[in-house]
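Here is a quick tour of a protein chain, written for someone who likes to check things in a viewer. Have the structure open and follow along.

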Amino acid sequence: MKHGYLIDMDGVLYRGSQLIPGADTFISQLRHRNIPFRFLTNNSQRTRRDVVAKLERMGVSAEEEHVFTCAMATARFLESQKPRGTAFVIGEGGLLTALHQHGYAVVDHDPDYVVVGEGRTFNLELVEAATRMIVGGAKLIATNLDPNCPTDRGVRPGCGALVALLEVATGVKAFSVGKPSPVMMRAARKELGLTTDQTTMIGDTMETDILGGVQLGFRTVLLLTGGTKREDLIHYAYQPDLVVSSLAEFSDRLSDSDWQSPWGEPARPEKRTPARHADVSESVLA
Ligand SMILES: [Mg+2]
């Protein structure tokens, strides 16, 4: 059966700048076998090219077309909502580039949208300007609402934390495009060129990867190489289809079935033959 994967990056392929063992082999097997996949990241900081360069430094060979970031999803979404609009941006290269590529002008005054991504350029001056714009009617867009992100030294505040500051200051709720938003999940699935049944989301975070996958009706695989432990699962009302320790373990499972879909054939609705009158009355009498 045709099948493919949406693959989270942080905590799945690497932690900080460290490759997680087995991630490189998994990706090269997918490429070797022509199994479609996209890297799906809620980090808006990097452009596609930056992501490919980072992966290559770690020994994972990929092309730009394999990368789908929340910055790209956000720019596409804004283009579809309001073509050739304007945005005040708190964020970095990945987000600025994506907006430009989708016909957006980045401005300092009277924007259609205030768009927030991650980056190291955040300061109170920007927050104050953004607050004034949102109160003045600009719409607040979050590239994602991740509360924090893992780093080599522990965690750093994520885009969600920065957005919360603006939400509290203005009393306006942000619209978020990144995982688990269906806006990004569905766009990524379409990039794969696959149907819902044929799509599997692989990630390490219940609130984004797995929730997004469950909501869209994808199959989901939770990896324990990131922030989630097996014992955390009892706290969630939704569960992944499969829990594996790492991409290396998932590769082992797949190689047992020659890298066919791990879920077998999709359940087809049974063909129903229209009931004849006699059958109906018989079953009623039975
Ligand atoms: Mg992750």
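What follows goes from the overall chain to its sheets, the helices packed around them, and one residue picked out at the end.

## The chain as a whole

First things first: this is a predicted model. The protein chain has ten helices and 15 strands, and its C-alpha trace spans about 75 × 50 × 35 Å along the principal axes.

How much of the chain counts as buried? Of the 286 residues, 41% do. As for contacts with a separation of 6 or more, 67% of them are accounted for by residues 24 or more positions apart.

## The six-stranded sheet

Which order do the strands take here? Reading across this open sheet of six strands, you get β5-β4-β1-β13-β14-β15, and the pairing is parallel. The edges are held by β5 (67–69) and β15 (242–244), each of which has a single partner strand, so one side of each has no neighbour in the sheet. On average, and ignoring direction, neighbouring strands of this sheet are turned by 25° against each other.

Zoom in on the β15 edge. Strand β14 (residues 219–223) pairs with β15 in the parallel sense over three bridges. One spot to click on is Leu-223, which stands opposite Val-244 in β15.

## The five-stranded sheet

Another open sheet has five strands in the order β7-β6-β8-β9-β12, again with parallel pairing. Here β7 and β12 (175–176) stand at the edges with a single partner strand each, so each has one side without a neighbour in the sheet.

Strand β6 (residues 86–90) is a good place to look, as four of its five residues are buried. On one hand it pairs in the parallel sense with strand β7 (residues 105–106) over two bridges, and Ala-87 stands opposite Val-106 in β7. To get from β6 to β7 the chain passes through helix α4 (residues 93–101), in a β-α-β crossover that is right-handed. β6 also runs parallel to strand β8 (residues 113–116), joined to it by four bridges. Among the residue pairs, Val-89 has Val-115 as its bridge partner in β8, and Ile-90 has Val-116.

## Helices lying across the strands

Which strands does α4 lie across? They are β6, β7 and β8, and the helix runs at about 170° to β6. Helix α5 (residues 124–135) lies across β6, β8 and β9 (139–142), running at about 145° to β6.

Over at the six-stranded sheet, helix α7 (residues 182–192) lies across β1 (4–7), β4 (37–41), β5 and β13 (199–203). Its direction is at about 160° to β4.

## Helix against helix around α7

α7 also meets other helices. Its axis and that of helix α3 (residues 70–81) come within 10 Å and cross at roughly 100°, which makes α3 roughly perpendicular to α7. On the α3 side the contact is made by Cys-70, Ala-73, Arg-76 and Phe-77, and on the α7 side by Val-183, Met-184 and Ala-187. By class, that contact of α3 with α7 comes to six nonpolar, no polar and one charged residues.

How do α7 and helix α8 (residues 206–216) cross? Their axes come within 10 Å at a crossing angle of roughly 70°, so α7 and α8 are roughly perpendicular to each other. Pro-182, Met-185, Arg-186 and Arg-189 of α7 make this contact with Gly-212, Gln-215 and Leu-216 of α8. The residues of the contact of α7 with α8 divide into three nonpolar, two polar and two charged.

## A closer look at Asn-148

To finish, pick out Asn-148, which sits in strand β10 (residues 148–151). Is Asn-148 buried or exposed? With 14 other C-beta atoms within 10 Å, Asn-148 is partly exposed, because 20 or more would be needed for buried and 12 or fewer for exposed.

Setting aside its neighbours within four places in sequence, Asn-148 is in contact with Val-155, Arg-156, Pro-157, Gly-158 and Ala-161. For a distance to check in your viewer, try the C-alpha atoms of Asn-148 and Pro-240: they are 92 residues apart along the chain and separated by 22 Å.

Terms used: Residues numbered from 1 in each chain as written. Predicted model: local features only at pLDDT ≥ 70, side-chain atom pairs only at ≥ 80, totals over all residues. Pairing = 2+ DSSP bridges. Axes fitted to C-alpha atoms, helices over the stretch in contact; angles between N-to-C directions. Contact = placed C-beta atoms within 7 Å. Right-handed = clockwise from strand over helix to strand, strands pointing away. Parallel < 35°, antiparallel > 145°, perpendicular 65-115°, else oblique. Nonpolar A, V, L, I, M, F, W, Y, C, P; charged D, E, K, R; others polar.
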